[in-house]
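The exercises below are to be worked with the sequence and the coordinates at hand. Each task is followed by a solution in steps.

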Amino acid sequence: MEPIVAPVTALVPQPVGILRLSGDNLWPKISPLFPGHPCPSPRKATLLSPTLNGLPLDTVLLLFFPSPHSLTGEDVIEIHCHGNPQNIRFLLSLIELQGIRPAKPGEFSLRSYKNGKLSLLKAESLHRMISAPTYSEFLSAHTSFSQPNRHPLYALKEQFVDLLSSFYAFLDYPEDLDSDRDSHPHHILLSQIHSLQTFSRHQISLFKKNQRAFSSFSILLAGPPNSGKSSLFNRILQSDRALVSPFPGTTRDLLEGRLSLPFGDLLILDSAGFRSSDDIIEGMGIAKARKTISQVDLLLWVNSPESPTTLPFHTKTKTLTIWNKADLSPPPPSSSPDFIVSARTRKGLRSLLSTLTSLTKNFYSNQQSTDPLLDSERQAKALSSFLKSLNLAEQALNSGTFDLALSSLEHGRHLLEDGIGLISTEEIYDRVFSRFCLGK
Ligand SMILES: Nc1nc2c(ncn2[C@@H]2O[C@H](COP(=O)(O)OP(=O)(O)OP(=O)(O)O)[C@@H](O)[C@H]2O)c(=O)[nH]1
Ligand SMILES: [Mg+2]
C-alpha cells in the first residue's frame, strides 16, 4: 500500500512527540533522511540523527516493525522525536517530501482491519478505550480489546451458534433425538431463544443507560450575556481558552474544555449569552446553548450585577446559580445564589471548584463497573435488529412453522455477520457434530 505518515501525539509542547509511518518497503523511502545508516534492526530502539544537507536536525529514537509483524501488517516505523510542535511539523514535512503522504483519520486502524490485524469489534473497543472518561470504563473496554472472547457479542455468538446447531441437528438428524419430553425440539429451541433474548435485551439496556450526549460528567455555563461565563470557564480550566471582552455577545459557539480528575473527566462547556438577538449567528449559538441544557449533568446559571436574570425556562437538569462580579456588588437580598464569586479577584472560586469536584466524584462513584459492554451505537443497532429476528423466530416456533423460524434465525445470523463479522458455516456444523455426538 502507498506509504502514509501521521503524528501519533498532539502538536503541543511536550517532552516526546511520535510520528508513525506505514506502507510497503518503508526504510528505503525514508533512508535519505539518515544518510549512510543501514536499515535499523527490527523491533529495537535505534538512536539516529535525521539530517538535511549535512546538518543534524534532531536526535530521534526509531523503531522498525517489518511486515507482517506490525500494527497494520505493513512495514511500520515509529519515530520518537523531541516534542516541540515545530520540530514535529518540520520532520513531517521532510518525510512527506520523500513521497509519503499524510494519513487520513483512522487510516492506520483501517489498514490493520483490512490486513486482518484488528477485528471490527477490537477496533471499536480500542476507540472506546482511548476515549473512556474513567479508569473503570477504560478497563471495561480494555477487557474486550485484550480478551475478545469476553466481549458481550462473543458470548452472544457462542449461545447463538448453539441454537443454530440445535436447529440443524433437529432438521438433519431427527432420528438421533431422544424422545423424552424435556428434550422435545420445541422446548429446547424455545429455551435457547429465550436465553438469547434476555441476554440481548440486557446488553441493549446497559448500553442505553450508559449512552449520553457527553460521555463524561458535563457542566454547562449559561446565563445572560457579559455575566462572566467565559471568564469563569477560563478560571476553572486554568487556561485562557475562551475569548473574554466587555462587549455582550462575545461567545457564540459552544466551547468545550476538559479537566482530568483522579476519579474521571469533567467536561465543561461555555455558551453564548441568552438574549433576543437579530444576529443570525448569535441566534444559532443561543439555540445551541438552549438545546445543550437538557443534555448536560449540571447547569451553572451565571448572573452578574449588570443584568441579573433568573433562569427563563424550566429544566429538569440540576441547576446551581452563580452570582459573578461580586467585587462590583453583592447579590440583592431577594436573590439567594448558590455561589457568590468574582472571576476577576478569584473570590469564592475555591468553594465553587470544590463543589464541582465532589459532584464529579459522586457521579463516577456510581459507575465503577469494569465489565465489558457494547462499544458503539453500531453494535447496539446490530444487536437490536438481531433481537427482532429472534422474536420472529420465537413466534414462528410457537405457531409450529419450523422452517420460518429457521429462516428468521438465518436472517439474524446475517445481521451478526454483517454487523460484527462473527459466524462461519463451518463453525455451526462443527458444533452440530461435536455437541450432539451423532456418530455419523
Ligand atoms: N469586575 C469584574 N468583571 C468581570 C468579572 N468576570 C468577568 N468580568 C468582565 O466582564 C466582561 C465580560 O466577561 P466574559 O467572561 O466575556 O462574559 P461572558 O458571559 O462570557 O460574555 P458573553 O460571551 O458575551 O455572553 C469582561 O470585560 C470581563 O473582564 C468579575 O468577576 N468582575
Ligand atoms: Mg463568553
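**Exercise 1.** Which residue in S13 does Asn303 stand opposite?

Solution. The model is a predicted one. Start with the two strands: S12 covers residues 298–303 and S13 covers residues 318–323. They run parallel and are joined by 6 bridges. Across this pairing, Asn303 stands opposite Trp323.

**Exercise 2.** Place S12 and S13 in their sheet, and identify the edge strands.

Solution. The sheet is open, has 6 strands and follows the order S10-S11-S9-S12-S13-S14. Its pairing is mixed. The edges are S10 (255–261) and S14 (339–340), each of which pairs on one side only. Next, add the helix: H9 (residues 280–293) lies across S9 (217–222), S11 (264–270) and S12. Relative to S9, helix H9 runs at about 140°.

**Exercise 3.** Is Arg258 buried, partly exposed or exposed?

Solution. First locate the residue: Arg258 belongs to strand S10. Then count neighbours: 13 other C-beta atoms lie within 10 Å of Arg258. A residue is buried at 20 or more and exposed at 12 or fewer, so Arg258 is partly exposed. Leaving aside residues up to four places away in sequence, Arg258 touches Asp265 and Leu267. A separation to check in the coordinates is that from Arg258 to Thr317: these residues are 59 apart along the chain, and their C-alpha atoms are separated by 20 Å.

**Exercise 4.** Describe the largest nonpolar core and say which element gives the largest share.

Solution. This core holds 28 residues, and those touching the most other members are Ile219, Leu220, Leu221, Leu269 and Leu300. Two or more residues come from each of S9, H8 (229–237), S11, H9, S12, S13 and H10 (349–365). The largest share, 5 residues, is that of S9. For a single member, take Leu220: beyond four places in sequence, Leu220 touches Leu269, Ser271, Thr292, Ile293, Val296, Leu299 and Leu300. A second core, separate from this one, has 20 residues, among them Ala169, Phe170, Leu374 and Leu383. As a general point, nonpolar side chains in soluble globular proteins tend to be buried together.

**Exercise 5.** Work out the strand order S3-S6-S7-S2-S1-S8 in terms of edges and pairings.

Solution. The 6 strands form an open sheet with mixed pairing. At the edges stand S3 (46–48) and S8 (101–102); each has a single partner strand, so one side of each is left without a neighbour in the sheet. Now go through three of the pairings.

- S2 (residues 16–23) and S7 (residues 75–82) run antiparallel and are joined by 8 bridges; Ile18 stands opposite His80.
- S1 and S2 pair in the antiparallel sense over 4 bridges, and Val5 has Leu21 as its bridge partner in S2.
- S1 and S8 pair in the parallel sense over 2 bridges, with Ile4 opposite Arg101.

Finally, inspect the faces of S1 (residues 4–7): Val5 and Pro7 are on the covered face, Ile4 and Ala6 on the uncovered one. In a regular strand the side chains alternate between the two faces of the sheet.

**Exercise 6.** How many residues surround ligand 1, and how do they divide by type?

Solution. The shell consists of 22 residues. The closest of them are Gly228, Ser230, Ser231, Thr251 and Gly273. By type, the shell divides into 6 nonpolar, 12 polar and 4 charged residues.

Conventions
Residues are numbered from 1 along each chain as its sequence is written. Chains are lettered from A and ligands numbered from 1 in the order in which they are written. This is a predicted model: local features need pLDDT of at least 70, side-chain atom pairs count only at pLDDT 80 or more; totals for chains, interfaces and linings use all residues. Two strands pair if DSSP finds at least two bridges between them. Two residues are in contact if their C-beta atoms, placed from the backbone, lie within 7 Å. Axes are lines fitted to C-alpha atoms, for helices over the stretch in contact, and angles run from 0 to 180 degrees between N-to-C directions. A residue is near a molecule or strand if its C-beta atom, placed from the backbone, lies within 6 Å of it. Ala, Val, Leu, Ile, Met, Phe, Trp, Tyr, Cys and Pro count as nonpolar, Asp, Glu, Lys and Arg as charged, and the others, Gly among them, as polar. A nonpolar core is a set of buried Ala, Val, Leu, Ile, Met, Phe, Trp, Tyr and Cys residues joined through C-beta atoms within 7 Å.
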